[in-house]
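Please explain how this structure is put together, beginning with the RNA and then turning to the protein interior.

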Amino acid sequence: MEKIYNPHAIEQRWYETWESNGYFSPELTNDTAKTVSQKKDSYCIMIPPPNVTGRLHMGHAFQDTIMDTLIRYHRMKGDNTLWQPGTDHAGIATQMVVERLINSEGKTRHDVGRDAFIDKIWDWKKESGSTITKQLRRMGASLDWQRERFTMDDGLSEAVKEVFVQLYEEDLIYRGKRLVNWDPVLHTAVSDLEVISEEENGHFWHMRYPLSDGSSSLIVATTRPETMLGDTAVAVHPEDERYKSMIGKTIKLPLTDREIPIIADDYVDPEFGTGCVKITPAHDFNDYEMGKRHDLAIINIFTVDAAINDNAPEKYQGMDRYAARKAIIKDLQQSGLLEKIEDHRLMVPRGDRSGAVIEPYLTDQWYVKIAPLAEPAIKAVENGDIRFVPDNWKNTYFEWMNNIEDWCISRQIWWGHRIPAWYDEDGKIYVGHDEKAVRSKHQLDDSIKLRQDDDVLDTWFSSALWPFSTLGWPEKTPEFDTFYPTNVLVTGFDIIFFWVARMIMMGLKFTGKVPFTEVYVHGLVRDSHGQKMSKSKGNVLDPIDLIDGIELETLVEKRTKGMMQPQMAKKIEKVTRKDFKDGIPSFGTDALRFTFAIQATTGRDIKFDMGRIEGYRNFCNKLWNASRYVLMNTEGHDCGIGGKEKHTDMIFSLADKWIISRLQETKKQVTDSLNTYRLDLAAQAIYEFTWNEYCDWYLELSKSVLSSESDDSTSGEAGLREAQQQGTRYTLVHVLENLLRITHPIMPYITEEIWQRVAPLAGIKQDSSRQETIMLQPYPVPDTNKIDQSALVEMNWLQQFILGVRQIRSGYDIKPGKLLTVLLQNGSAADKERLLTNKLMLKKLARLESIKWLEKTDEVPESSTALVGEMQILIPMAGLIDIDAERERLNKEIDNNQGFIKSLEGKLANENFVSRAPENVVAMERQKLSDAQSKLKNLTEQLEKLKTL
RNA sequence: GGGUGAUUAGCUCAGCUGGUUAGAGCACCGCCCUUACAAGGCGGGGGUCAUAAGUUCGAAUCUUAUAUUACCCA
């Protein structure tokens with residue numbers, strides 16, 4: 001093995017091997033007498049399909065790490081495991097990309113024509129559609145690519161039609177003229193969820209509306225004066241004394257020749273503004289509702305581009321809405337009807353794709369009647385059929401589901417599932433799978449011309465079917481039988497409404513079952529300053545750059561190229577140069593995955609800090625080098641393959657027994673954590689075990705057994721020594737092999753690479769294809785019988801001993817290489833026994849020349865002291881240690897101890913504590929006190945000794 | 001305005017159903033190129049757990065209020 005861990009040398013190679021060997025695929029059988037797959041539990045996760053033409057971002061990388069870890073864990077546990085891959089056609093987003101390409105050639109999509117345009121999108125998909133799937137492969141994602149799906153595949157399109165037709169036939173889909181969110185740039189309706197409202201600076205215009213009879217006038221305030229052309233009433237509160245007398249009268253609407261009524265409605269807040277509200281039913285959602293209540297005329301004054309249409313006075317026709325606004329204000333001013341203009345902060349709705357200000361606009365659209373679908377979906381979460389992790393997200397879900405509005409599913413774009421509805425020349429609607437089906441069902445012969453609806457379905461309509469459409473529904477398939485309902489949906493909270501809720505509704509409606517039993521909601525990946533990553537902020541990190549590394553100049557260029565606001569480029573460049581002085585080094589996939597995993601605490605965003613990933617790259621290197629050590633010391637030797645059963649004479653040291661015990665505890669902690677979606681705790685346990693226990697202690701201790709040096713107390717005959725070394729070699733290999741399997745779900749590459757070398761030494765036969773890879777090995781199961789409590793206690797003694805010596809050594813700047821003489825006093829029989837069996841290890845790790853017992857009565861030379869329980873470790877000072885410094889050190893420790901004792905005494909002196917606290921707690925405190933007291937006594941004695949000198 | 005979460009060492013975060021003098025990584029200080037690893041080893045310093053009150057024998061942990069902050073919804 002190379003001395004330095006180099007992820008590039010291993011990662012891609014292993015992925016290709018795994019994929020080409022079909023290791024990602026579950027087992028399936030069509031037989032009724034099912035064998036393998038029936039006996040096994042199935043485990044399935046559906047990938048949230050990324051945009052087919054998208055690129056992998058940090059959010060994906062995080063999410064995919066979580067999913068792949070779960071998938072690999074379950075696959076190793078022996079579950080029949082499927083991670084279903086696929087991509088989404090992403091209607092508006094994809095169409096916009098291709099439209100921009102065409103625009104750059106100086107053409108519009110209308111020049112190209114619908115069919116040719118769609119062909120172009122398919123071409124684009126072919127060209128760029130594999131980018132994201134290639135990137136997923138770089139992440140090590142063990143998706144079953146043979147089953148890759150696309151939301152506009154034939155099969156999935158069939159599912160979409162089936163669902164649409166069925167919902168329509170049950171009156172759950174209807175077509176209606178409604179006020180929708182209209183995007184005047186994209187020329188399409190969008191759903192409520194696709195509208196982002198943000199506060200922006202604007203104005204409040206106060207306009208005077210004169211009464212028709214000339215008796216008086218009213219002042220209305222508005223943020224959108226141009227809509228006055230569509231006003232069909234002015235409303236006041238029915239109890240408002242100021243205006244009560246005017247209710248029922250009419251107003252002469254300025255700039256037009258229309259008269260409109262003054263109406264009364266509770267909705268009006270008399271405290272707000274002037275207490276009079278202009279009502280424009282065609283261009284405001286609240287006004288629309290009020291218009292319906294009062295049977296007001298609805299006058300649409302906008303074209304699809306949000307310019308003034310022919311319903312308005314000729315003067316304004318054709319003007320853009322903002323030009324019209326200016327003109328209207330000017331005209332009102334001139335007629336003295338503009339009272340005043342105030343600055344005002346207002347919520348401005350913008351399309352999430354186009355950024356254009358959304359207009360409420362009256363059009364014909366298709367809707368899903370949502371209430372009947374929402375009801376069972378709410379129940380499913382209430383009764384626990386679906387569980388959110390963390391649990392509190394269910395509140396958000398309920399909140400939304402209980403206030404849900406009908407879902408506008410039609411979009412006036414070209415890329416997507418065309419609505420399976422046809423119109424005859426009278427405008428009568430026929431819904432069916434295709435024109436032929438429609439004709440035969442309704443007995444329409446060829447003489448009747450049918451025209452298909454031009455609209456396509458909201459992208460989320462097909463996404464909502466994803467959990468079952470990908471498994472072949474509406475066909476009956478073994479995949480569906482085996483994997484549906486799926487186990488867990490892993491997603492960000494941002495699409496709970498867009499996607500999760502809709503999948504639940506559609507899943508229940510069409511399969512009668514929930515689509516998944518758990519929803520794991522993860523946080524957002526932010527930059528190191530806690531800012532959301534976005535192109536316009538120039539703080540985006542590309543996961544692939546973290547894996548491969550990137551030069552500073554390339555990174556700067558990448559972040560500043562093609563910006564919406566080029567003026568930001570300078571600032572971004574500056575910050576980038578500051579944050580990434582030397583660019584980004586190559587960290588490798590495993591380090592990136594580990595960084596995500598260890599930060600995947602539930603319900604918290606991740607601030608992505610370069611320090612962390614660097615640390616975990618170092619962790620990979622640590623694991624790498626530890627493995628090198630193990631291999632160097634075990635390859636070519638007898639490593640006790642088969643364990644104690646085959647090698648009855650094999651001898652295990654304290655360290656061996658200890659690390660085996662700790663391994664069991666670690667296995668338990670990791671599996672418990674993975675079972676509860678605490679990837680952070682799992683990763684943390686792995687990190688600590690590997691570094692702080694296996695490497696820092698166990699490998700060091702093993703050296704004393706494996707080194708050629710001998711020791712009179714343990715050497716004995718050669719056979720004995722060989723048996724000890726065999727025990728240690730066995731343990732080295734056994735623990736490492738287990739550790740690799742434990743770690744594999746999080747860090748697949750490095751574990752596979754090392755495992756290939758280690759497995760033969762651990763006696764794992766690699767003769768059948770499924771045993772050629774760590775991916776398909778069983779996940780380690782904790783064995784509590786192998787936890788040796790006395791070894792844990794004794795090891796703690798050994799560690800305390802070594803730490804005590806090290807502290808003295810370091811405290812007095814004694815060279816690490818200097819071998820010390822250590823005297824021991826006041827030890828128990830157990831201490832003596834422990835010393836005897838572990839002398840070699842102690843000497844090696846504490847770097848000791850010799851260890852001698854002193855009798856109680858023996859003369860003690862000037863020494864620095866450490867304590868292990870009652871036992872005193874004395875390091876003679878002669879020439880090494882300064883008496884004053886030692887006094888100071890002892891005093892400090894005495895102080896410390898006295899503080900501790902005081903707090904314990906206080907606690908135990910408290911009658912209430914002793915009488916009310918549980919017995920074991922009190923006993924523990926008593927024990928602590930007596931330990932501390934004896935320690936204090938010991939320390940004080942040491943200090944006295946020094947004083948008398 | 002309503003809802004949800006967060007506030008613990010200089011930074012990024014653990015701390016499970018209340019029971020050690022509150023932990024880790026990075027950063028910091030000192031010593032060390034010890035034959036797995038300087039992407040390393042050994043040792044060390046650093047926090048009145050946002051504030052206030054309450055419950056309790058005992059609170060970082062539970063309750064309430066306040067402050068700050070983030071997100072979601074209107």
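Which atoms of RNA strand B lie within 4 Å of the protein, those of sugar or phosphate or those of bases? Of these atoms, 66% belong to sugar or phosphate, and the rest belong to bases.

The model is predicted, with local features needing pLDDT of at least 70 and side-chain atom pairs counting only at pLDDT 80 or more, while totals for chains, interfaces and linings use all residues. Residues are numbered from 1 along each chain as its sequence is written, chains are lettered from A and ligands numbered from 1 in the order in which they are written, and side-chain values use heavy atoms, with hydrogens and water left out.

RNA strand B is surrounded by 48 residues (a residue is near a strand if one of its heavy atoms lies within 4 Å of it), and the closest are Arg 617, Trp 691, Phe 900, Phe 913 and Arg 916. Arg 617 also places an N or O atom of its side chain 3.0 Å from a base nitrogen of the strand, as does Glu 700, likewise at 3.0 Å from a base nitrogen, whereas a polar side-chain atom of Thr 601 lies 2.8 Å from a phosphate oxygen.

Turning to the interior, the largest nonpolar core (buried Ala, Val, Leu, Ile, Met, Phe, Trp, Tyr and Cys residues joined through side-chain atoms within 4.5 Å, where buried means under 20% relative accessible area with a 1.4 Å probe, protein chains only) has 216 residues. Among those with the most contacts inside this core are Tyr 694 and Phe 801. A second, separate core of 37 residues includes Phe 302 and Tyr 367.

Terms used:
Buried means under 20% relative accessible area, exposed over 50%, partly exposed in between (1.4 Å probe, protein chains only). A polar contact is a pair of N or O atoms within 3.5 Å; within protein, one must be able to donate a hydrogen and the other to accept it, and residues adjacent in sequence count only if both atoms are side-chain atoms.
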